[in-house]
Amino acid sequence: MAERKTKQAAVTATQSAGQAATGLVRLREMAKRDKQLRFNNLLHHVTLELLSDAYYGLNRHAASGVDEESWQSYGSNLSERLGKLHEQIQRERYRPYASKRLWIPKADGRQRPIGIAAVEDKIVQAALVKVLESIYEEDFLGLSYGFRPGRNPHRALDALYCALTEKKVSWVLDADIQGFFDHLDHDWLMRFIQHRISDQRIHRLIAGMLNAGVVDAGQWTETRVGTPQGAVISPLLANIYLHYVLDLWIHHWRRHHARGEVYVVRYADDFVVGFQYRSDGEALYKALQERMAQFGLRLHEDKTRLIEFGRFAIADRRARGMGKPETFNFLGFTHICARRGKDGGFTVRRHTIAQRQRQKQQQIREALMRCRSAPVSKQGRWLKRVVTGWFNYFGVPGNRKSLDAFRTEICRAWFRALRRRGQKKRINWVGMQRIIRSWIPSAQSTHPFPNQRFHV
């Protein structure tokens, strides 16, 4: 499927200046109307207006790239700089900077490489993403939720919850592609892009971004595989790659090879597959390993498991004299087989991953000790933003216990930090409670039940 050749005629539609939005709408309509259409002459859709919109859509406080240019400094003479950038793109004189590599700690103790692009490169990538999304959003399957317009992690969690509780799912394959962004094959990616896009200028532009290299501790390194995590265009390129490597293939497999029902939810390189029969899970697991190897990828051995999970897992394992069903993690939540309190029916409880919560609490404790001498109001405003953001993501029904534990620990950490400010007039717990009520929000669910939102 990924190797099929496309021989359709190329599209050569044009648009007048100042009609970027209209042109992208027309691209999307054409992509929707003909799934085999190949698009040519796309570079003119990267207009000056689109570059300007891309600039104002960037994170204004993001770290600078190798050029040490900030969002504010780049915008000091924005019209002239964007005009020059637009001319370079149209004349194919634009050359991307290398990405600056930073390392951030992961929950398992390892470090994740992050690529920081220059501001100018971010602008070009964001504009190009808008053009390509107009085409690929009509191609991507519904099982893909990561980094797509109108979709987010909670949409993926809703879909997974409904599949586990309402469909015939008795086995779950919790899968993770090891080092996906570091092993994405450039040659295969460009071949996949050619299925839909025949504009050689777009090909060269993307290839230039992929091959710009990285700078780590002042040392430039060539990039022959992979795409930097943190780059604006990386999520879209990852979705294109996995659309052909995984999504189309697994959709074909479940329609032509599975004995029972199969449900898939993918968010970037993490995905979960639910099966009605264990034999289907084992067969797909084996086929999936072979499929990944064909494209330079492999499943993470420690994070990929086929487990018994579903409405019958509790009773079946009890009948065999086994313990409780295993749990699995997905998008920050541990998923657990459980019974509803009222009628005893099957449900899936979702709790914040304990290790992630402990790690976040430790980060906040260290930050509070560093800034303990700052005004209480300043600390309170910062803590309020942090706790509110945590509740906004993890505030799903059934996770109240984890939210309460998180809030309690943050309040205790803040109390300990404030008592270390000095020996005179040390704050007591009664006074601390007044401060907590002023700044720390109460734990509450911020999301509706998954089946309500998903079915809407």
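1. Helices (H or I, at least four residues) and strands (E, at least two) are DSSP runs, numbered from the N terminus. The structure under review is a predicted model.

2. Two residues stand out for their backbone angles. Phe147 is located in the loop between α5 and α6 (153-166). Its phi is near 55°, which is positive in a residue other than glycine. Phe147 is partly exposed, at a relative accessible area of 45%. Ala268 sits in the loop between β8 (262-267) and β9 (270-275). Ala268 is not a glycine either, yet its phi is positive, at about 60°. With a relative accessible area of 10%, Ala268 is buried.

3. How many disulfides are there? The count comes to 0 disulfides. A disulfide requires a pair of cysteine sulfur atoms within 2.5 Å. The cysteine sulfur closest to that of Cys162 belongs to Cys337 and is 16 Å away, so the two are too far apart for a bond. Cys371 is likewise in no disulfide, the nearest cysteine sulfur being that of Cys411, 15 Å away. As for their surroundings, Cys162 is buried at a relative accessible area of 3%, whereas Cys371, at 26% relative accessibility, counts as partly exposed.

4. Next, the nonpolar cores. In soluble globular proteins, nonpolar side chains tend to be buried together. The largest nonpolar core here has 79 residues, and the members that touch the most others are Ile123, Phe180, Ile193, Ile206, Ile240, Tyr241 and Val273. Helix α10 (residues 234-256) supplies the largest share of this core, 13 residues. Another core, of 47 residues, lies apart from it and includes Leu368, Val386, Ile410 and Phe415.

5. Ile193 can serve as an example from the largest core. Which residues does Ile193 touch, not counting residues up to four places away in sequence? They are Tyr136, His203, Ile206, Leu237 and Ile240. Ile206 and Ile240 also appear with Ile193 among the core residues that touch the most other members.

6. The largest pocket holds about 1800 Å³ of space. It is lined by 49 residues, of which Lys106, Arg112, Asp270, Lys303 and Arg356 are the closest to its centre. The elements that give two or more residues to this lining are β3 (99-105), β4 (111-116), β5 (171-176), α7 (180-183), α10, β11 (328-330), α13 (354-370) and α14 (376-394). Which element gives the most to the lining of the largest pocket? It is α13, with 5 residues. By class, the lining of the largest pocket has 22 nonpolar, 13 polar and 14 charged residues.

7. For the second largest pocket, the volume is about 530 Å³. Among its 18 lining residues, Ala126, Val129, Glu133, Val232 and Pro235 are the closest to the centre. Two or more lining residues come from each of α2 (48-56), α5 (119-136) and α10. The largest share, 5 residues, is from α5. The lining of the second largest pocket divides into 12 nonpolar, 2 polar and 4 charged residues. Helix α10 therefore deserves a look in two contexts: under the DSSP numbering, it gives two or more residues to the lining of the second largest pocket and also supplies the largest share of the largest core.

8. Enclosed space comes next. Rolling a probe the size of a water molecule over the atoms shows where empty space is left. Across the whole structure, the search finds 3 cavities of 30 Å³ or more. The largest cavity contains about 150 Å³ of space. Of the 17 residues lining the largest cavity, Ser99, Gln125, Met209, Leu210 and Pro228 are the closest to its centre. The elements giving two or more residues to this lining are α5 and α9 (200-210), and the largest share, 3 residues, comes from α9. The lining of the largest cavity comprises 11 nonpolar, 5 polar and 1 charged residues.

9. The second largest cavity has a volume of about 60 Å³. Which residues line the second largest cavity? They are Leu58, Asn59, Arg60, His61, Ala62, Ala63, Ser64, Glu69, Ser70, Trp71, Val119 and Lys122. By class, this lining has 5 nonpolar, 4 polar and 3 charged residues.

Definitions and conventions. Residues are numbered from 1 along each chain as its sequence is written. This is a predicted model: local features need pLDDT of at least 70, side-chain atom pairs count only at pLDDT 80 or more; totals for chains, interfaces and linings use all residues. Side-chain values use heavy atoms; hydrogens and water are left out. Buried means under 20% relative accessible area, exposed over 50%, partly exposed in between (1.4 Å probe, protein chains only). A nonpolar core is a set of buried Ala, Val, Leu, Ile, Met, Phe, Trp, Tyr and Cys residues joined through side-chain atoms within 4.5 Å. Contact means heavy atoms within 4.5 Å. On a 1 Å grid over the protein atoms alone, a cavity is a set of points where a 1.4 Å probe fits but cannot get out, and a pocket is an open set with protein on both sides within 12 Å along at least five of seven lines; lining residues have an atom within 4 Å of a point. Grid points are joined across faces, edges and corners, and a volume is the space filled by probe spheres set on the points. Ala, Val, Leu, Ile, Met, Phe, Trp, Tyr, Cys and Pro count as nonpolar, Asp, Glu, Lys and Arg as charged, and the others, Gly among them, as polar.
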